[in-house]
Amino acid sequence: MTSLLKVDGVTKRFGGFTALTDVNLDIAKGERLGLIGPNGSGKTTLINCISGVLPIEAGAIAFDGADISKLATYRRAKAGLARTFQIPKPFHSMTVIENLMVPLEYIVHRLIDAKNQNAVHSEASDLLRRVRLADRMNAPAGQLSQVELRKLELARAVATRPKLLICDEAMAGLATKEVHEILDILMDLNSSGITIVMVEHILQAVMRFSQRIVCLTAGRIICDGAPADVMANPEVRRAYLGS
Ligand SMILES: Nc1ncnc2c1ncn2[C@@H]1O[C@H](COP(=O)(O)OP(=O)(O)OP(=O)(O)O)[C@@H](O)[C@H]1O
């Protein structure tokens with residue numbers, strides 16, 4: 001297994017409260033990993049530490065062989081680490097494709113000149129096809145439904161050409177049919193070579209998607225293994241499922 005992300009003994013404190021204690025996690029290139037845990041167990045904090053939004057107090061984080069523990073968020077993004085947010089916040093007055101052209105122009109292509117506009121437009125169109133949102137390309141983002149907003153959020157993250165995509169509750173509040181639609185998109189993205197971490201409360205979705213599941217409880221990893229084994233683990237059932 002070739003490691004893409006290695007979280008090594010990470011501890012995160014907020015004042016006197018320890019939100020993550022000695023977290024160790026190794027994610028292989030190409031893997032589909034599910035991260036579960038009850039409310040307040042530290043899932044978002046862990047994502048924030050990995051993506052660089054929060055500094056860590058102890059431990060180290062390596063990405064694609066390099067220590068990124070102290071790298072700024074934008075440099076981690078440039079290295080190939082992308083995430084989606086629980087609540088997508090697109091520019092509502094801009095169209096769907098314009099929302100994508102912003103990251104493509106400024107993150108990927110940097111200072112772009114006018115003659116490359118066609119190339120950016122074509123790349124944005126391609127991204128929208130990958131997330132099955134091409135038919136809404138010219139709609140204002142403010143008019144999108146919940147599932148369409150999630151698709152745009154995925155496209156925005158994929159626009160940065162990530163090696164690792166962390167999806168923070170990309171399916172919360174969606175109908176079952178929509179959950180399956182997002183799962184299919186994530187499977188396709190994974191097949192195209194993107195390693196994916198899914199943080200999710202919808203257990204059927206995590207089970208269908210993940211090759212491996214990690215369960216966090218009170219800031220500690222209590223179980224890490226094959227989906228069926230994790231779900232059958234008594235500690236996981238007690239902590240997460242309440243049984
Ligand atoms: N900025 C902060 N300052 C202080 N405490 C925080 C901060 N962010 C998170 N916490 C605390 O850290 C713990 C872990 O929170 P976190 O949001 O990471 O949990 P979570 O597993 O993502 O929860 P949920 O499933 O509800 O999103 C919680 O007790 C939370 O109150």
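**Reading helix packing, sheets and a ligand shell**

Tutor: Helix 5 and helix 6 are roughly parallel to each other (an angle under 35 degrees counts as roughly parallel, over 145 as roughly antiparallel, 65 to 115 as roughly perpendicular, the rest as oblique). This is a predicted model, in which local features need pLDDT of at least 70 and side-chain atom pairs count only at pLDDT 80 or more, while totals for chains, interfaces and linings use all residues. Residues are numbered from 1 along each chain as its sequence is written.

Student: At what angle do the axes of helix 5 and helix 6 cross?

Tutor: Two packed helices are described by the angle between their axes and the distance between the axes. Here the axes of helix 5 (residues 146-158) and helix 6 (residues 176-191) cross at roughly 15° and come within 10 Å. Axes are lines fitted to C-alpha atoms, for helices over the stretch in contact, with angles from 0 to 180 degrees between N-to-C directions. Helices (H or I, at least four residues) and strands (E, at least two) are DSSP runs, numbered from the N terminus.

Student: Is the crossing of helix 5 and helix 6 left-handed or right-handed, and which residues make the contact?

Tutor: The crossing of the two helices is right-handed (the near helix is turned clockwise from the far one by less than a right angle). Helix 5 contributes Val-147, Arg-150, Lys-151, Leu-154 and Val-158 to the contact, and helix 6 contributes Glu-178, Glu-181, Ile-182, Ile-185 and Leu-189; contact means C-beta atoms, placed from the backbone, within 7 Å. By class, the residues of this contact are six nonpolar, no polar and four charged. Ala, Val, Leu, Ile, Met, Phe, Trp, Tyr, Cys and Pro count as nonpolar, Asp, Glu, Lys and Arg as charged, and the others, Gly among them, as polar.

Student: What is the strand order in the open sheet of six strands?

Tutor: Strands of a sheet pair through backbone hydrogen bonds, either parallel or antiparallel. In this sheet the order is 6-7-8-3-9-10 and the pairing is mixed; strands pair if DSSP finds at least two bridges between them. Strand 6 (81-84) and strand 10 (220-225) are the edge strands, each pairing on one side only. From one strand to the next, the twist averages 20°.

Student: How many bridges join strand 9 and strand 10?

Tutor: Strand 9 (residues 212-217) pairs with strand 10 over five bridges, in the antiparallel sense. Cys-215 has Cys-223 as its bridge partner in strand 10, and Val-214 has Asp-224 there. Two residues separate the strands in this hairpin, where Ala-218 takes a positive phi near 45°. By contrast in sense, strand 3 and strand 9 pair parallel, over four bridges.

Student: Which strands does helix 1 lie across?

Tutor: Helix 1 lies across strand 3 (32-36), strand 6, strand 7 (164-168), strand 8 (195-199) and strand 9, at about 150° to strand 7. Helix 5 also packs on the sheet, touching strand 6 and strand 7, with its direction at about 170° to that of strand 6.

Student: Which element gives the most to the shell around the ligand?

Tutor: The shell consists of Phe-14, Phe-17, Ala-19, Gly-37, Asn-39, Gly-40, Ser-41, Gly-42, Lys-43, Thr-44 and Thr-45, taken as residues whose C-beta atom, placed from the backbone, lies within 6 Å of the ligand. Strand 2 (17-28) and helix 1 (43-51) each give two or more residues. Helix 1 gives the most, with three residues. The shell has three nonpolar, seven polar and one charged residues.

Methods
Contact = placed C-beta atoms within 7 Å.
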